Amino acid sequence: MMFHMRRASFLIILCLLTACAGSDSAVLECALEYWDGTVGLCLPQGWSVIDAQTLRQRGVPEETIAGFQADSAVSGQFPTVTVTRELLTAEIAPEVYSNASMRSVSVLPGYQELETTSMEVDGATVSLHVFTAQPVTEEPMRRFYQVSTVAGSTGYTATAAAPVVIDDALDEQIVFVLQHLTFQESDSQQ
């Protein structure tokens, strides 16, 4: 139950981030290779890292370990990707954690699944779950992209938030970022 409440409160905070904080279409290649010692990914041109101080000023929970934002607003919202972590009390397979994450958001107000596809994170097959929901009544409905996995004894969830209606270029950018999610340091990052 705590897992579900944390997940819902995190999505509320993510909604606030997208409203406060865009997306120029560009060739999808890694413009910035991000690695902070725990999480890594590639950001395409037009995306930036949100520093920890800014995340805290926006009221993002301590479980949030990284944040990224498109440089241009779409429909008055800045698309964002955040990564949260949860210490696990028992060993759990990445696929099981991914499925539990999908179930936990299905109870959000206005939830509607748009698509679920398989992808790999560090060799484990998990789901890329795309859905719409309205976690905050006063905020507009949003489109979310979510990937959850396990590394060691920690569960991680990367969640992107954007307006419900986006163009293909922004959709491709968000999927690009999530497909490059890793919790293993590569040779180029050492």
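**Exercise 1. Is H129 buried or exposed, and what surrounds this residue?**

Solution. Keep in mind that we're working with a predicted model here.

- Step 1: find the residue. H129 sits in strand 7.
- Step 2: check the accessibility. H129 has a relative accessibility of 1%, and the cut-off for buried is under 20%, so H129 counts as buried.
- Step 3: look for polar partners. The side chain of H129 makes a polar contact with the side chain of Y111, at 2.9 Å.
- Step 4: list the neighbors. Leaving out residues up to four places away in sequence, H129 touches M102, V105, Y111, E113, E115, T116, F144, Y145 and Q146.

**Exercise 2. Work out what lines the largest cavity and how polar or nonpolar the lining is.**

Solution.

- Step 1: get the volume. The largest cavity comes to about 30 Å³.
- Step 2: name the lining. H129 turns up again here, along with S98, S101, M102, S127, Q146, V147 and S148.
- Step 3: map the lining onto elements. Helix 3 (94-105), strand 7 and strand 8 are the elements that give two or more residues to it.
- Step 4: sort by character. The lining splits into 6 polar and 2 nonpolar residues, with no charged ones.

**Exercise 3. Lay out the fold, then find the largest nonpolar core and the elements that build it.**

Solution.

- Step 1: count the elements. The protein chain has 4 helices and 9 strands.
- Step 2: read off their order. Starting at the N terminus, you get α-β-β-β-α-β-β-α-β-β-β-β-α.
- Step 3: see how much is buried. Of the 190 residues in the protein chain, 51% are buried.
- Step 4: pick out the core. The largest nonpolar core holds 31 residues, and F68, V83, Y145 and I174 have the most contacts inside it.
- Step 5: assign the core to elements. At least two residues each come from strand 2 (40-43), strand 4 (64-70), strand 5 (80-87), strand 6 (112-121), strand 7 (124-133), strand 8 (142-151), strand 9 (154-163) and helix 4 (168-179). Helix 4 gives the most to this core, with 5 residues.
- Step 6: check for another core. Apart from the largest one lies a core of 6 residues, including L108, F131, A133 and A161.
- Step 7: zoom in on Y145. Not counting residues up to four places away in sequence, Y145 touches L128, H129, V130, A158, T159, A160, I166, D171, I174, V175 and L178.

**Exercise 4. Describe where A162 sits and what A162 touches.**

Solution.

- Step 1: place the residue. A162 belongs to strand 9.
- Step 2: check burial. The relative accessibility of A162 is 0%, so A162 counts as buried.
- Step 3: compare sequence with space. A162 and F78 are 84 residues apart in sequence, yet their C-alpha atoms lie 7.1 Å apart.
- Step 4: list the contacts. Beyond residues up to four places away in sequence, A162 touches Q77, P79, R142, R143 and I174.

**Exercise 5. Go through the positive phi values of S75 and D122.**

Solution.

- Step 1: take S75. Phi of S75 is near 55 degrees, a positive value in a residue other than glycine. You'll find S75 in the loop between strand 4 and strand 5. S75 counts as exposed because its relative accessibility is 62%.
- Step 2: take D122. D122 isn't a glycine either, and has a positive phi of about 50 degrees. D122 is in the loop between strand 6 and strand 7. With a relative accessibility of 31%, D122 counts as partly exposed.

Conventions: Residues numbered from 1 in each chain as written. Predicted model: local features only at pLDDT ≥ 70, side-chain atom pairs only at ≥ 80, totals over all residues. Heavy atoms only, no water. Core = buried A, V, L, I, M, F, W, Y, C linked by side-chain atoms within 4.5 Å. Buried < 20%, exposed > 50% of the residue type's maximum accessible area, 1.4 Å probe, protein only. Contact = heavy atoms within 4.5 Å. 1 Å grid on protein atoms, 1.4 Å probe; cavity = no way out; pocket = protein on both sides within 12 Å on 5 of 7 lines; lining within 4 Å. Points joined across faces, edges and corners; volume = space filled by probe spheres on them. Nonpolar A, V, L, I, M, F, W, Y, C, P; charged D, E, K, R; others polar. Polar contact = N/O pair within 3.5 Å; in protein donor to acceptor, adjacent residues only side chain to side chain.
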